[in-house]
Amino acid sequence: PTGSDDGTVVLERLAQKVQPPSMYQVVMLNDDYTPMEFVVVVIQEFFGKDLEAATAIMLKIHLDGRGVCGVYPKDIAATKVDQVLDAAHKAGHPLKCVSEPVD
Ligand code: TYC
């Protein structure tokens, strides 16, 4: 580490420790087959949205090709992706989602 022997190194290490976790957005992707109602239910169930908010997100994805369902620390975002893909696979739908760092 850089810094002369005056506590600079300690302060650098403290500054690193107090950084908040880097955040990741869970992005859901449009497809031509997954029913709209299934997407709305998934968004409510895994992202804690009410019916109105989930419907708005689903329609945004349908129209734009993708939409953000939530923003979480990296490991939580990865778990959300796994949960969505598992539920979609079990229901026989091709629904996809990914997590990506928030800029
Ligand atoms: N495009 C789908 C349809 O018309 C609905 C849909 C919306 C699918 C959002 C996926 O992430 C999605 N049935």
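1. Along strand β1 (residues 23–29), which side chains point to one face and are buried, and which point to the other and are not? Y24, V26 and M28 lie on the buried face, while M23, Q25, V27 and L29 point the other way and are not buried. A residue is called buried if 20 or more other C-beta atoms, placed from the backbone, lie within 10 Å of its own. In a regular strand the side chains alternate between the two faces of the sheet.

2. Some notes on the basis of these points: the model is predicted, so that local features need pLDDT of at least 70 and side-chain atom pairs count only at pLDDT 80 or more, whereas totals for chains, interfaces and linings use all residues. Residues are numbered from 1 along each chain as its sequence is written.

3. Strand β1 pairs with β2 (residues 66–73) in the antiparallel sense over seven bridges, and V27 stands opposite V68 in β2. Six bridges join β1 to β3 (residues 96–101), also antiparallel, with Y24 opposite P101. Strands here are DSSP runs of E, at least two residues long, and helices are runs of H or I, at least four, numbered from the N terminus; pairing requires at least two DSSP bridges.

4. The largest nonpolar core (buried Ala, Val, Leu, Ile, Met, Phe, Trp, Tyr and Cys residues joined through C-beta atoms within 7 Å) has 18 residues, and V39, I43, I57, M58 and V84 have the most contacts inside it. Two or more residues come from each of β1, α2 (36–47), α3 (51–64) and α4 (74–91).

5. Of the 13 residues around the ligand (C-beta atom, placed from the backbone, within 6 Å), M28, T34, V39, I61 and H62 come nearest. Helix α3 gives the most to this shell, with three residues.

Conventions. Buried ≥ 20, exposed ≤ 12 C-beta atoms within 10 Å, placed from the backbone.
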